[in-house]
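Trainee: Could you take me through one part of this model slowly, starting from a charged side chain and a ring? I'd like to see how the pieces around it fit together.

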Amino acid sequence: MEEEQFVGYVYNATPSWNGYSHQGKVALYVVLKMINDQSLNREQCSEYELELDYFEDFSILKNDVYIEAHQVKTYSDSKITKYNDAIWTLLAKAKKIENCNVYLHTTTELEHRESIPNEVSMPKVETRKKDSDLLKPYEYYQFVTEDPQWKVLWERFTLFSYANNQHCELKSIKEFIESEIYNFKCDFSQNITRAYSLLLRIIDLNVCARHIQNQDKKRKKERKERISFQTIYDIVNKNHDQPTLEYCISVLKERFHNSINRYLQVIEVEEKHTAYHREKEHELYKRNISFIYEKIMKLEDLEFLNFFMTISPQQTIDKNNPRDFDRKINELFAESEMINGYLPILDKIEQLIHEEKYWFSLNNTSYLPTTIVDGDSVGIVATLVQKILNNSISNDELLFEVDYIINKFITRGNLYPEKVTKEYEEIEDTDQLAFKKYTTTKKIQLIKLENAIEEFTNDKHH
């Protein structure tokens, strides 16, 4: 179908979500459930496609025709009036596309959900901006109700059901997806877990591709890339007895996504229920975390892994050994290190983070936020420093140009300068890369967050 048919009816939220968001997981569940419920084989799957974030949050097409449109809302409110805009938007889509069924997904159990047609009310009267093609909910409402027979559209509207409920909490969607994978495979848990992560990766790759396409004015009006049901079928059908690098990175990405969301939830509760207020720095923290979240989640696999290794210089990852990577993944990524280490640094340092280097800069000195939360004792610090040095030596660019490593508890001067100097002396002067590597490593210092905050604050007031 040509894009002109849907002027005013399509939108783009890809900058604000990714394949590890709830919307993407719900889309996966719906596709897997359809494959299982209809017993679709691989050849039949070729007729179906999943489209993300265009006509709706996600849609299902059969032979290039829309048959389902789904909108996902994660509000905590149970009143149907909170969902007015979503409902009228879906009804407008049902009217726009003949024989297209529309579905509303919620994470909260709605009040009076059996009588939605009687509970929904007219949206707020709004007019869109002159430069916007996207219709406002009130315009959708007008489009729907201008037809005297519009109430027949309710026959194609459904509040989506999950088992015995008509809602799915954020924490439960993974279990629903894995249940559908099991229904397809009837296989052991390790295979299911790996298939789940690789499916999320497919969703994420599609969202990232869409984001790139939307930023390119020349490609913006091209047909939006879709995901064939065959692609999803093949991933679920495959034997995942051995971990792959793609799987391991996908697990890291999902955990990164989840930890940021949990941290922001904590901050939201803190601000809502206490007298704690932020002024200018509040906006900085939101911009820093939003920037990291949106940019990092759109990185390609190896770029994301390099970012993770940079902010976790104490961790050793062998990209050429996925089995070892998989075995150590819980050790490599602890959510507590993100929530108690890395994210509070982005939160507390009152400066915008560098868009390419992911560090803060003060007087031509670089301060790298990290996930390090180790305690300040002689044995722990010695082990930590050795790990950082070993990793920086094996990976030339890991801490290249970094002066200070911000962490939770430890402040230390140059990391083992005598050892680095000795190794430097054994290197030929002609080896310029090694020269840079060792001289920059030699200068690195550890600084605890409390001291880093003080340095940035003092500079701000001078």
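Mentor: Start with Lys 95, which lies over the face of Phe 143, 4.3 Å from the ring centre. Keep in mind that this is a predicted model. Now find the helix α3, which runs over residues 84-96, and you'll see Lys 95 on it.

Helix α3 has 13 residues and spans 18 Å from its first C-alpha to its last, close to the 18 Å expected at 1.5 Å a residue. Ten of those 13 residues are buried, so α3 is largely enclosed by the rest of the structure. Among the buried ones are Asn 84, Trp 88, Lys 93 and Ala 94. What do they pack against? The buried residues of α3 pack against β3 (65-73), β4 (101-106), α4 (116-119), α5 (137-145) and β5 (157-159).

Trp 88 is worth a second look: together with Tyr 138, Tyr 141, Trp 150, Trp 154 and Phe 157, Trp 88 makes up one aromatic cluster.

Three of the strands I just named, β3, β4 and β5, also belong to an open sheet of six strands, ordered β5-β4-β3-β2-β1-β6, with mixed pairing. At its edges are β5 and β6 (227-228), each of which pairs on one side only. Further in, β1 (residues 48-52) and β2 (residues 58-62) pair in the antiparallel sense over five bridges. Leu 52, for example, has Phe 58 in β2 as its bridge partner.

Back to rings, then. You can spot another charge over a ring where Arg 194 lies over the face of Tyr 247, at 5.7 Å from the ring centre. Rings also meet each other: the structure holds 24 aromatic pairs. One of them is Phe 256 with Phe 307, edge-to-face, 5.8 Å centre to centre and with 85° between the planes. That pair links distant parts of the chain, since Phe 256 is in helix α9 (residues 245-273) and Phe 307 is in helix α11 (residues 301-311), 51 residues apart. Phe 256 is buried, at 0% relative accessible area, and Phe 307 counts as buried too, at 3%.

For a stacked pair, look at Phe 308 and Phe 333: 5.7 Å centre to centre, 20° between the planes. Phe 308 is in helix α11, while Phe 333 is in the loop between α13 (329-332) and α14 (335-348), 25 residues apart. Phe 308 is buried at 2%, and Phe 333 is buried at 4%.

Notes. Residues numbered from 1 in each chain as written. Predicted model: local features only at pLDDT ≥ 70, side-chain atom pairs only at ≥ 80, totals over all residues. Heavy atoms only, no water. Helix = DSSP H or I, 4+ residues; strand = E, 2+ residues; numbered from the N terminus. Expected span 1.5 Å × (residues − 1). Buried < 20%, exposed > 50% of the residue type's maximum accessible area, 1.4 Å probe, protein only. Contact = heavy atoms within 4.5 Å. Pairing = 2+ DSSP bridges. Phe/Tyr/Trp six-rings, centres within 6.5 Å; stacked < 30°, edge-to-face > 60°. Lys NZ or Arg CZ within 6 Å of the ring centre and 35° of its normal.
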